Amino acid sequence: MTSALFGRGLSALSIATVCAIAAAFALVFFYAPLDADQGFIQKIFYVHVPMAIVALGGFMAAGVMAILHLRRRDRSWDMRSYVAIHLSIILGVGVLVTGAIWAKASWGHWWVWDEPTLVSFLIVFLLYCTYQPLRFSIEDPERQARYASVFAIVAGAFVPLNFIAVRLAEAYTHPRVLSQTGGNLPGEMRLTFLVALGAMTLLFVTLWKLELTSKHAAEQLRKLRVRLELGADERPAQSGSGYRAPAAAARSASS
Amino acid sequence: MPALPLEEAGKYVAGAYLVFVVLVVVYVAIIGAKVARLERELKTLGDLMEKRAP
Amino acid sequence: MTRAALAILRKDLRIELRTRESVPAMALFAVTVFVLFHFGLDRDSLDGALAAGILWVTVLLAAVLAVNRLFVVEREQGGFDGLLLAPIDRTAVYVAKATALLLYLLMLELVAVPAFALLLLGVDLLPALPELVAIMLVADVGLAAVGALVAALAVETRARDLIVPLLLLPLLVPVIIAGAAATEPLLTGLQTADGLGRWLAFLGLYDMVFVLLSVGIFDFLLDD
């Protein structure tokens, strides 16, 4: 495991994230104009779409990290990849739920097939749901990390291909019903959207670092305990029985 | 479908943003629990070391 | 590497010819599913989008059967050690397995498409046959490339039979989208080849990405 400290810069990052989120909220509710067609409902767009973009970005970034893991044979990259996928799946749940709320409010149904981004997201989400079952069904840790990385790379390459396919299919059968992201946004909406996107990205990076720090610390602790227990085993016999209890307690406290 | 009136729409928008907030808070809580467990284990290790070399 | 791949391919095909496990099962499965659809949909004949969809979904599900069994010989009779000890590029194993899967799929389609035309299709298939063959060929390459990769990924897991469909089917959604969309106009009364080029181009892109990707990372699997 690398000797890098994951927690470095975490406080600064957290503060930046809080500021960005506060700014985004302020812009969404006090600055961005009301959409002519959709009305107040359109405000969901500022939380739903950034979450989707960041989640998909997270999946693709995890693929790149997996490549680094395989090439450098450095397990810390596998951990980074795992946490990124894990976070993106959680965000993915948020995307699907907020997407359903938006669909219900806009079209009266909890799900619509018209929105290619939402549909392609569902497919990607279903794929990544198999990541953890696949990972944890392989017992050998080194092989587990390797196979997980192969999956992350293949799935990461799949994300853009899938999006293209769904988009092509939609363009063919339904004209685009709602075209928000990118070109057609008026200036104030675009600014709000970009700030929201930036805040979501910062949030992702902060939470990612946070979980990495926690996992890394747990790993260091485990190694330390093993070394201490081995040291305890080498001690002379008279303190042997006294030692079993704290060591056993430590083991059971952490399981 | 015509835009919903403000009171109706407000509930949906609030719901969506609430989902986002809840996800983040629950996630932080889970990490918090992990950190608490780490702290407990560190304490146990500290006790272990004390017994070894007081 | 080609010699090694050919040797492994020949072995697999010989085993398949002798035991006749995968391809007949796939063909039987496909025909049975067509019958199921007849009753499930309560329809005597289909055309257009519905026909295209049912044909492609059935082919895909039959492919899952083949993928599940792709490494079964090595797994059950310890052939893995032989493969791994031999001084060959592991990529040769991938190429051999993917090619075998491609051949199985083509043989399946040889049975399934006529059966479909007979049992469910309300439109005459013959005029559209060249286009259909082209679509299936390009799509099958993608199916085989992804299928062989997923088979290898699932080889080490305990819940192999469950993981394979869960992993394979989402990855193959673009193939279904493209395949069904390209086939649909061929199965209507008018039999135009609407947008065929675009879908074939997409399938070609998909094939290229996954073949290159798989060849690049296959070495990291089956690594003992």
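**Two helices in chain C, and where chain A meets chain C**

Let's start inside chain C of this predicted model, where helix H3 (residues 48–68) packs with helix H8 (residues 160–183) at an angle of about 150 degrees. Their axes are 9 Å apart. If you wonder why those two values get quoted, it's because two packed helices are described by the angle between their axes and the distance between the axes. Angles over 145 degrees count as roughly antiparallel, so H3(C) and H8(C) are roughly antiparallel to each other. The crossing of H3(C) past H8(C) is right-handed.

Now zoom in on the residues that meet. On the H3(C) side you'll find, among them, Leu55(C), Trp56(C), Leu60(C) and Val64(C). On the H8(C) side, the partners include Asp161(C), Leu168(C), Leu172(C) and Ile176(C). Sorted by class, this helix-to-helix contact has 14 nonpolar, 4 polar and 1 charged residues.

Next, step out to the place where two chains touch. Here 26 residues of chain A are in contact with 26 residues of chain C. Which helices of chain A supply at least two residues each to this side? They are H4 (116–128), H5 (131–136) and H6 (141–173). H6(A) gives the most, with 17 residues. The side of chain A that touches chain C has 21 nonpolar, 3 polar and 2 charged residues.

Finally, how confident is the predictor? Chain C averages a pLDDT of 86, and 92% of its residues score at least 70. Where pLDDT is low, the predicted coordinates should not be read in detail. For the complex, the predictor gives an ipTM of 0.85 and a pTM of 0.84.

Terms used
Residues numbered from 1 in each chain as written. Chains lettered and ligands numbered in written order. Predicted model: local features only at pLDDT ≥ 70, side-chain atom pairs only at ≥ 80, totals over all residues. Contact = placed C-beta atoms within 7 Å. Helix = DSSP H or I, 4+ residues; strand = E, 2+ residues; numbered from the N terminus. Nonpolar A, V, L, I, M, F, W, Y, C, P; charged D, E, K, R; others polar. Axes fitted to C-alpha atoms, helices over the stretch in contact; angles between N-to-C directions. Parallel < 35°, antiparallel > 145°, perpendicular 65-115°, else oblique. Left-handed = near helix turned anticlockwise from the far one by under 90°. pLDDT = per-residue confidence, 0-100.
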